[in-house]
Amino acid sequence: SSLAGKEIVEAALMIRLGDSIELTPGATNAELSSQCDIYRLNGAWQASPQPLYDFYPGTLLKSFSLYAENETANIDLLNVVKDWAAGQANHGLMLRGPLNRSQYANSACVKYYHSVKLLGWCLE
């Protein structure tokens, strides 16, 4: 790894919200979630279809919500990047929106992130 042996002093994931598409079946009380969960994957991602409900692909790092277009989330990943620099396996991260189980109506909210960047600093 290019980070091996270096002291990581800062690491943050910057995520900027883009357009979103909301699909509702006409019910006025449908629930749409603005939340997104970030997981640190525990192993290599499987290509086969994954179960939709009660599926947790790794360790939950943080949940965040973005409401307005171009709003940006800043997620601290210092401990994760330090682990990777120390030689722990890097299987990547996953962004996952919680599935809506509205008692009123089926609905979906599809979000698009304009940019996802990992920014950080390390000492040689």
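This briefing covers the fold, the sheet, the core and a few selected residues of the chain. The model is predicted. The chain has one helix and six strands. From the N terminus, the order of elements is β-β-β-β-α-β-β.

**Chain overview**

- The chain has 124 residues, and 27% of them are buried.
- Its exposed area is about 8,200 Å². Carbon and sulfur atoms supply 50% of that area.
- Among contacts with a separation of 6 or more, 82% come from residues 24 or more positions apart.

**The three-stranded sheet**

- The sheet is open and has three strands, in the order β3-β2-β5. Their pairing is antiparallel.
- β3 (58-65) and β5 (93-96) are the edge strands. Each has a single partner strand, so one side of each has no neighbour in the sheet.
- From one strand to the next, the twist averages 25°.
- β2 covers residues 35-41 and pairs with β3 through seven bridges. One bridge partner pair here is glutamine 35 with serine 65 in β3.
- β2 and β5 are joined by four bridges and also run antiparallel. Here tyrosine 39 has methionine 94 of β5 as its bridge partner.
- In a regular strand, side chains alternate between the two faces of the sheet.
- β5 shows such an alternation. Met94 and Arg96 point to one face and are buried. Leu93 and Leu95 point to the other face and are not buried.

**Two buried charged-type residues in β2: aspartate 37 and arginine 40**

- Aspartate 37 lies in strand β2. Its relative accessible area is 6%; the cut-off for buried is under 20%, so aspartate 37 is buried.
- The aspartate 37 side chain makes a polar contact of 2.7 Å with the side chain of glutamine 35.
- Aspartate 37 also makes a side-chain polar contact with serine 63, at 2.6 Å.
- Arginine 40 lies in strand β2 as well. With a relative accessible area of 14%, arginine 40 is buried.
- The side chains of arginine 40 and glutamine 88 are joined by a polar contact of 3.0 Å.
- Beyond its neighbours within four places in sequence, arginine 40 contacts Gly58, Thr59, Leu61, Val80, Asp83, Trp84, Gln88, Gly92 and Leu93.

**Nonpolar core**

- In soluble globular proteins, nonpolar side chains tend to be buried together.
- The largest nonpolar core holds 17 residues. Ile15, Phe64 and Ile75 touch the most other members.
- β1 (7-23), β2, β4 and α1 (78-85) each give two or more residues to this core.
- Isoleucine 75 contacts Ala11, Ala12, Leu13, Ile15, Ile38, Lys62 and Phe64, leaving aside neighbours within four places in sequence.

**Isoleucine 8 in β1**

- Isoleucine 8 lies in strand β1. At 5% relative accessibility, isoleucine 8 counts as buried.
- Isoleucine 8 and alanine 85 are 77 residues apart along the chain. Their C-alpha atoms are separated by 7.9 Å.
- Apart from residues up to four places away in sequence, isoleucine 8 touches Leu3, Leu78, Val81, Lys82, Ala85, Trp121 and Cys122.

**Two loop residues: asparagine 70 and histidine 91**

- Asparagine 70 sits in the loop between β3 and β4 (72-76). At 41% relative accessibility, asparagine 70 is partly exposed.
- The phi angle of asparagine 70 is near 75°. That is a positive value in a residue other than glycine.
- Histidine 91 is in the loop between α1 and β5. Histidine 91 is partly exposed, at 35% relative accessibility.
- The C-alpha atoms of histidine 91 and asparagine 42 are separated by 6.6 Å. These two residues are 49 residues apart along the chain.
- Histidine 91 contacts Leu41, Asn42, Gly43 and Ala44, again setting aside neighbours within four places in sequence.
- Its side chain reaches the backbone nitrogen of alanine 44 at 3.5 Å.

Note on methods: Residues are numbered from 1 along each chain as its sequence is written. This is a predicted model: local features need pLDDT of at least 70, side-chain atom pairs count only at pLDDT 80 or more; totals for chains, interfaces and linings use all residues. Side-chain values use heavy atoms; hydrogens and water are left out. Two strands pair if DSSP finds at least two bridges between them. Axes are lines fitted to C-alpha atoms, for helices over the stretch in contact, and angles run from 0 to 180 degrees between N-to-C directions. Buried means under 20% relative accessible area, exposed over 50%, partly exposed in between (1.4 Å probe, protein chains only). A polar contact is a pair of N or O atoms within 3.5 Å; within protein, one must be able to donate a hydrogen and the other to accept it, and residues adjacent in sequence count only if both atoms are side-chain atoms. Contact means heavy atoms within 4.5 Å. A nonpolar core is a set of buried Ala, Val, Leu, Ile, Met, Phe, Trp, Tyr and Cys residues joined through side-chain atoms within 4.5 Å. Accessible areas come from the Shrake-Rupley method with a 1.4 Å probe; for residues, only the protein chains shown count as cover.
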